[in-house]
Amino acid sequence: MIVEYAWLLLAFPVLGLTLNLIFGARWGKKTTGIVASGAVLGSFLVALGLFLHLNGLPEEERTIEQVLWSWITIDQFHVDIGLLIDPLSVFMALVVTGVGFLIHVYSMGYMWAPHEKGEEEAMGDIPRFVRYFVYLNLFILMMLTLVMANDFVQMFIGWEGVGLASYLLIGFWFFKPSAADAGKKAFLVNRVGDVGFILAMLFIFRLSGRLNFLDLFRPENVQALQVGATTIGLLLLLAATGKSAQIPLYVWLPDAMEGPTPVSALIHAATMVTAGVYMIARTSPLYALTPTAMTWVATIGALTAFFAATIALAQTDLKRILAYSTISQLGYMFLGVGTGAYVAGIFHLYTHAFFKALLFLGAGSVMHALHGELDIRKMGGLKEKLPTTYKTFLVGAAALAGFPLLSGFFSKDEILLAAWQRSPILWLIGIVTAFMTATYSFRAVFVPFWGKPRNHKLYEHAHESPPVMTVPLIILAIGAAFGGVIGLPKASWLHHWLMPVFEHVMHESEPGALMWGLMTVSALVALGGIYFAYELFVVNPDRVLRIRRALGPVDTLVQHRYYVDELYMTLVVNPLKALADWLAYVFDQRGIDGLVNGVAWVTGWIGQQVRRVQTGRVGTYAFTLFVGVVILVVYFVLVGG
Amino acid sequence: MVPTGYYLVLAAVIFGIGALGVLVRRNALIIFMCIEMMMNAVNLTLVALARHFGTLDGQVFVFLVMAIAAAEVAIGLGIVVGLVRHRDTTNVDRINLLRW
């Protein structure tokens, strides 16, 4: 019976955003925030209801398609709008709405007062606040559309929708050129990936005539895709690298930090960026047909994880550290699904949602205290001033680092195990990245929170955030710490829960001793990384300078983020701009306008010539008459009537 | 008997002279006289052919042509008088206000 009400999952955010859009300015900030948060809470409760319902069903029956209405029917092409209710989609919905709800509540506190220079003048206080929550609800709506989609088309609608919401929210403070540019960059880079998605859909339809997930992935139907499986897999991977910020399309994510921090937490850490991972998990039967594409997924994931972690080590902006960390952790998720460990990838998605959202919200809390300051070189000693923020941030960082027994430890370890089983090289990349992860995570703890304040004016004014912000932090910290309990090795509830979705593509392996061995290594690496950070950033900060000098050109390279943005500018952006300029000014203005204006000019010229017939002189007219008569007479005499 | 052909040729020549005059002469009244000449040439053709075929049709038609010529002259001269009063000239080349 709850299944009949499943549509409420999407209806609540629609209601929230519509009500706020119409009445928000009249209601004032508090009511707007409550309505928006309430809408997400409503969706969460629906998701919870669906979860409990599925839980009560026997395993084989846990896949339900709830068709809402029939959208397109052209000959064989049939697309319905509907919800796919299965363990995977419900789990994702819970994560999205759960974390989303906490972030909505937090946002009420964070966005209360105008933030950026020029915000008040640009739009006025309340309308901007309302607009923010409308966009947030829009995002939740689109993300749920994506996650609950029953076919590729609907998933794409959600896919594009979250891209739109992301653009709107990144460029929220649109009067700041950097923010407006960042929004554009995010959308355009994503678009490149979307080409992959669309082409993949076309191929799939061409080969099989189906786009509905349940329909297509039946063993007898999915075989039709075998011929093009690798191509399709790679195209979908392209789309995923755009949405989930992997090499080569990750460049938008660091810039996206221009947006409000809760946005970074929700969209660019916990949910939207995980859409790529989810999509690969959802299309696992397709990927099962193409080990080549899967290898690509895993390799890109591993390399991105490593690459982004090196950059994170050198960043001085707190949010940028977290942004590159997100890219790196998403790489782990790709590594997980790419090696066939779908459950591991989703598990890490879930733990990451908690600890990364926590870290971002914590950063937001720090910014709130320091009036927007993000440079960690200007911070210091904040643990006394912001105790709750500090403690929760510490938990988040530890989870990220993979501190033993916290949630991140279990999920990361499961991925590393799968990596080793696929190829020890992948494991090696993963474990080295884990060391760096631990180091940069605790750099972000030690530098701002420990030691002596580096800027006394900022330090003086720092104060802890209000409960509307700290309570979500605490809740997320509990999740980050204990969330791993759903995926304990040998007793993984999550594994059991997701099995119906992945049973055809995953094989149970009994790892045994290998698993314990690798787990110990992971634990040691995490602790080692934390200790390394301690030595570098607390005990003797000069060591950092010595290391950097020793690295020489490598240091410059990493400091400048490997010059990737510059590379893209020269290879892609500037040529396209030149082409656009040529098309606009030469081809269009001179060519096409010239052609159209030319036609008008020729018509005018002809007119000018013809008007000369009108001499006004009777004699001329008489002569013309005469000539005409002569011609006629000659004609009739020679040719005959 | 004078061969009919001679009358026809004469009428043609008179017609030609008249047509030429219409085209070339500048004085409005002279142009009118040339038009009359053309009509007379036509009359001559009609009468000559009437005698040649021995019918009276041509002769009767001549009467009609003459009536029309008279009416046309009356109106035409009225127009010319109005024109001359307005523009103070009989030179048709100067009557060119309806030009481009």
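In the predicted model, A:Leu138 touches A:Leu17 and A:Ala165, when residues up to four places away in sequence are left out of the count. A:Leu138 belongs to helix H5 of chain A, which comprises residues 125-147. With 21 other C-beta atoms within 10 Å, where 20 or more are required, A:Leu138 is classed as buried. A further relation links A:Leu138 to A:Gly161: the two are 23 residues apart in sequence, and their C-alpha atoms are 8.2 Å apart in space.

A:Met143 was examined in the same way. Setting aside residues up to four places away in sequence, A:Met143 touches A:Val96, A:Gly158, A:Val162, A:Thr271 and A:Met272. A:Met143 is also one of the residues that touch the most other members of the largest nonpolar core, a set of 208 residues. The others in this group are A:Phe139, A:Leu144, A:Leu236, A:Ala357, A:Leu358 and A:Ala480. The greatest contribution to this core comes from helix H17 of chain A, which gives 18 residues.

Helix H17 of chain A was therefore considered in detail, because its 28 residues (342-369) allow a comparison of expected and actual length. At 1.5 Å a residue the helix should span 40 Å, and its end C-alpha atoms are 40 Å apart, which agrees. The helix nevertheless contains a kink of about 25°, centred on A:His352. H17(A) is mostly covered, since 27 of its 28 residues are buried.

After H17(A) comes A:His371, a residue with a positive phi near 55°. A:His371 is not a glycine, and it is placed in the loop between H17 and helix H18 (382-385) of chain A. Because A:His371 has 10 C-beta neighbours inside 10 Å, and 12 or fewer mark a residue as exposed, it is counted as exposed. Most residues other than glycine have a negative phi, and most peptide bonds are trans.

A second positive phi value in a residue other than glycine occurs at A:Leu405, where the angle is near 80°. A:Leu405 is located in the loop between helix H19 (387-401) and helix H20 (407-422) of chain A. A:Leu405 has 13 C-beta neighbours inside 10 Å and is for that reason counted as partly exposed. The peptide bond from A:Ile247 to A:Pro248 is cis, with omega near 0°. A:Pro248 is found in the loop between helix H10 (229-243) and helix H11 (252-255) of chain A.

Helix H20 of chain A has 16 residues and reaches 23 Å from its first C-alpha to its last, close to the 22 Å expected at 1.5 Å a residue. Of these 16 residues, 14 are buried, so H20(A) is largely enclosed by the rest of the structure.

A:Ala180 lies in helix H7 of chain A, residues 177-208. With 16 C-beta neighbours inside 10 Å, A:Ala180 counts as partly exposed, because this number falls between the limit of 12 for exposed residues and that of 20 for buried ones. A:Ala180 touches A:Gly171 and A:Phe174, again without residues up to four places away in sequence. The C-alpha atoms of A:Ala180 and A:Leu417 are separated by 42 Å, and the two residues are 237 apart along the chain.

For chain A as a whole, 29 helices and 2 strands were assigned. Its C-alpha trace spans about 115 × 65 × 55 Å along the principal axes. Chain A has 641 residues, of which 49% count as buried. Among contacts in chain A between residues at least 6 apart in sequence, 81% join residues at least 24 apart.

Chain A also meets chain B, in a contact that takes 11 residues from chain A and 11 residues from chain B. On the side of chain A that touches chain B, the residues divide into 4 nonpolar, 4 polar and 3 charged. The mean pLDDT of chain B is 92, and 100% of its residues reach 70 or more. The scores of the model are ipTM 0.83 and pTM 0.83.

Notes
Residues numbered from 1 in each chain as written. Chains lettered and ligands numbered in written order. Predicted model: local features only at pLDDT ≥ 70, side-chain atom pairs only at ≥ 80, totals over all residues. Contact = placed C-beta atoms within 7 Å. Nonpolar A, V, L, I, M, F, W, Y, C, P; charged D, E, K, R; others polar. Helix = DSSP H or I, 4+ residues; strand = E, 2+ residues; numbered from the N terminus. Expected span 1.5 Å × (residues − 1). Bend = angle between axes of the 7 residues up to and from the residue. pLDDT = per-residue confidence, 0-100. Core = buried A, V, L, I, M, F, W, Y, C linked by C-beta atoms within 7 Å.
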